[in-house]
Amino acid sequence: MRKLGGFLLGSVVGLGVGLIAGSLLLPEDATDDVKKKLAENEKLQDLKEKYDKGTEAIKNQLASFPKSVEDDSELRDFDDIVIDDTNKDLGEDEKSDKDAVSDLNNDEDTENN
């Protein structure tokens, strides 16, 4: 019963406020006159033109941004990344392989000189 009473009270108050607001509206002739004055105002038209240019520039800048990434599989597969830390903790076999590669690189450098 309280909800119904609140609804009815709100409806009556809303109707009253709507009627008051409707009575305060300007007549049609007055609104046409104000629109005409606004259209003839040069400063206002300049501001409107600057605003339009600014919004167009912002739209172009926003359009140049890359689209959001929909496929985040690369982010989820971060454990597939191989970190090359061959300089640390090399075993004997790995050291000899690394020495052989560096010897080959040094030989190529000396042949080019």
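This section describes the fold, confidence, surface and side-chain contacts of a predicted model of one protein chain.

The secondary structure of the protein chain consists of 5 helices and 0 strands. Read from the N terminus, the order of elements is α-α-α-α-α. The average pLDDT of the chain is 76, and 59% of the residues reach a score of at least 70. Confidence is not uniform along the chain: helix H1 has the highest mean, 92, whereas helix H4 (residues 73-76) has the lowest, 57. Where pLDDT is low, the predicted coordinates should not be read in detail.

The accessible surface of the protein chain amounts to about 11,300 Å². Carbon and sulfur atoms account for 57% of that area. Of the 113 residues in the chain, 0% are classed as buried. One feature of the surface is a nonpolar patch of about 520 Å², to which Met1, Leu4, Phe7 and Leu8 contribute. Leu8 belongs to helix H1, which covers residues 2-24. With a relative accessible area of 48%, Leu8 is partly exposed; a patch residue must have over 30% relative accessible area, so Leu8 satisfies this requirement.

Helix H2 comprises 13 residues, from 28 to 40. The distance from its first C-alpha to its last is 19 Å, close to the 18 Å expected at 1.5 Å a residue. H2 is hardly covered, since the number of buried residues among its 13 residues is 0. Within this helix, Asp33 and Lys37 form a salt bridge, in which the closest N and O atoms are 3.8 Å apart. The two residues are 4 positions apart in H2, and therefore about one helical turn separates them. Their accessibility falls into two classes: Asp33 is partly exposed, at 37% relative accessibility, while Lys37 is exposed, at 55%. The value for Lys37 lies over the 50% that marks an exposed residue, which is why Lys37 is placed in that class.

Helix H3 spans residues 42-64. For its 23 residues, a rise of 1.5 Å a residue gives an expected span of 33 Å, and the end C-alpha atoms are indeed 33 Å apart, so the two values agree. At the start of H3, a side-chain oxygen of Asn41 comes to within 3.2 Å of the backbone nitrogen of Lys43. Further along the chain, Glu49 and Lys53 form a salt bridge, with 3.5 Å between the closest N and O atoms. Both residues lie in H3 and are 4 residues apart, or about one turn of the helix. Glu49 is partly exposed, at 45% relative accessibility, and Lys53 is exposed, with a relative accessible area of 56%.

In total, the structure holds 2 salt bridges. One joins Asp33 to Lys37, and the other joins Glu49 to Lys53. The first pair is located in helix H2, and the second pair in helix H3.

Note on methods:
Residues are numbered from 1 along each chain as its sequence is written. This is a predicted model: local features need pLDDT of at least 70, side-chain atom pairs count only at pLDDT 80 or more; totals for chains, interfaces and linings use all residues. Side-chain values use heavy atoms; hydrogens and water are left out. The expected span of a helix is 1.5 Å times one less than its number of residues. Buried means under 20% relative accessible area, exposed over 50%, partly exposed in between (1.4 Å probe, protein chains only). Patches are made of residues with over 30% relative accessible area and no salt bridge: like charges are joined within 9 Å, nonpolar side chains (Val, Leu, Ile, Met, Phe, Trp, Tyr) within 5 Å. Accessible areas come from the Shrake-Rupley method with a 1.4 Å probe; for residues, only the protein chains shown count as cover. A salt bridge is a side-chain nitrogen of Lys or Arg within 4 Å of a carboxyl oxygen of Asp or Glu. pLDDT is the predictor's confidence in each residue, from 0 to 100. A polar contact is a pair of N or O atoms within 3.5 Å; within protein, one must be able to donate a hydrogen and the other to accept it, and residues adjacent in sequence count only if both atoms are side-chain atoms.
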